[in-house]
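Student: I'd like to go through this one label by label and ask what earns each label. Can we start with a strand pairing?

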Amino acid sequence: MSAGIFPAMRSTHARSGRLRDSSSPRHGHRALCVATDSPSQLLRTAQSGPCADCGNQVHWFQGVEHQPICLHPQELPTAAVPEVHRWHIGAGIAYPAGDGSPWCRIAHRTLCPARDTPEPLTQHLARLRQQLALQTRRFCDASTFTPPGQDAPAGSRPLPPCRPARPVVDLLGSRYLAAQPIAEIRCVARTRRRTRCLNRVLALRKPHGAWRLTTLLPGRPPVLPATEIAVYDLEHLAHPEQQRWRAQRCPTHALIPKAADMVPEDWEIFDPLLHRQYIATRLPASQARHRRRG
């Protein structure tokens, strides 16, 4: 039979997406990259992790002022959330307001069972907070989470005198509150293995900061009993080195600006009233006593 008499026959059976041996075909991974004009170095996927206070999962986003924002991982009906507690996400940035949709996000601190609520919650939010508290209890019973302050018996792991757990840092003309001790601040960059970098920001071969006692609020009347504060001063370093600290990157990833961040930076703008429990009025014991007038 001549091949030109009948048109070529084609199968009308849709492809199942599997190979003949019933295995799924392997597709190449599509790499994610950060746009050069992006306001955030984070990839546009939710950066999740456990809350340090209650152990429940949270999502981290970058706020409009480049501060880390911790949100509850699930969307909630807008009608069930008071307007003051509504958040929405746009292009990977967290905005403290609703976007007109019937769904919104809420800050985790509002629901965190380890924190006191500033005001009575709605019935829907109170029920959700109870569920998170029950989940925290399950984590504790299963020994998968230990609340802060209960990880070791008192006195079993003594810290050096006046070693701030969350030190105050002077950097790029601003005063920040760190999330960990200076030597434990970890690089936030994403490695080629899609994990967070294990290096520390404090590097042996890089210039270090210096602990100093300075005024709590330079040029302002005292608002707290303490008038002096111990700060880790980085402002004497070169500007590129201060930028490396602000971006919270190790020396290696500081040279790779295209590398995305795995998690947001941990810095918070220091507020003497909100962060009064972290104010240290003495220098670490191993440091010489320096004073600097603000």
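Tutor: Sure. His 59 has Leu 71 of β3 as its bridge partner. Keep in mind that this is a predicted model.

Student: What makes strand β2 and β3 a pair?

Tutor: Two strands pair if DSSP finds at least two bridges between them. Strand β2 (residues 57-63) and β3 have four bridges, in the antiparallel sense, so they pass that test.

Student: Why is strand β3 called covered on both faces?

Tutor: Look at residues 68-71. Pro 68 and Cys 70 sit on one side, Ile 69 and Leu 71 on the other, and all of them are buried. That fits the usual pattern, because side chains in a regular strand alternate between the two faces of the sheet.

Student: And how many helices and strands does the protein have?

Tutor: Four helices and 13 strands. Of its 294 residues, 35% count as buried.

Student: How many disulfides are there?

Tutor: Zero. Cys 51 is in no disulfide, with the nearest cysteine sulfur, that of Cys 54, 3.7 Å away. The cut-off is 2.5 Å, so a pair at that distance doesn't qualify.

Student: Why is Cys 197 not bonded to Cys 250?

Tutor: The sulfur of Cys 197 is 3.9 Å from the one in Cys 250, its closest cysteine sulfur, and that is too far for a bond.

Student: How do you know whether Cys 51 and Cys 197 are buried or exposed?

Tutor: Buried means under 20% relative accessible area. Cys 51 has 10% and Cys 197 has 4%, so both earn the word "buried".

Student: What makes Ile 256 "partly exposed"?

Tutor: The label covers values between the 20% and 50% limits. Ile 256 has a relative accessible area of 39%, so "partly exposed" is the right term. Ile 256 is in the loop between α4 (251-254) and β12 (268-269). Its C-alpha atom is 9.4 Å from that of Ala 189, 67 residues away along the chain.

Student: Let's do charges. How many salt bridges are counted?

Tutor: Six. One of them joins Asp 170 and Arg 175 at 2.7 Å, N to O, and both of these residues are buried.

Student: Why does Arg 212 with Asp 233 count as a salt bridge?

Tutor: The closest N and O atoms are 3.6 Å apart, and the limit is 4 Å, so the pair is in. The pair links distant parts of the chain, with Arg 212 in strand β10 (residues 210-215) and Asp 233 in strand β11 (residues 228-233), 21 residues apart. Arg 212 is partly exposed at 23%, while Asp 233 is buried at 4%.

Student: What about Glu 241 and Arg 244: how far apart are their closest N and O atoms?

Tutor: They are 2.5 Å apart, and the pair forms a salt bridge. Both residues lie in helix α3 (residues 239-247), three residues apart, about one turn of the helix. Glu 241 has a relative accessible area of 9% and Arg 244 has 6%, so both are buried.

Student: Then why does Glu 265 have no salt bridge?

Tutor: The nearest side chain of opposite charge, Arg 246, is 4.6 Å away. A salt bridge has to be within 4 Å, so this pair fails. Glu 265 is nonetheless buried, in the loop between α4 and β12. Its contacts beyond its sequence neighbours include Gln 62, Pro 68, Val 188 and Arg 246.

Terms used. Residues are numbered from 1 along each chain as its sequence is written. This is a predicted model: local features need pLDDT of at least 70, side-chain atom pairs count only at pLDDT 80 or more; totals for chains, interfaces and linings use all residues. Side-chain values use heavy atoms; hydrogens and water are left out. Buried means under 20% relative accessible area, exposed over 50%, partly exposed in between (1.4 Å probe, protein chains only). Helices (H or I, at least four residues) and strands (E, at least two) are DSSP runs, numbered from the N terminus. Lys and Arg count as positive and Asp and Glu as negative; His and the chain ends are not counted. Contact means heavy atoms within 4.5 Å. Lists of a residue's contacts leave out its neighbours within four places in sequence.
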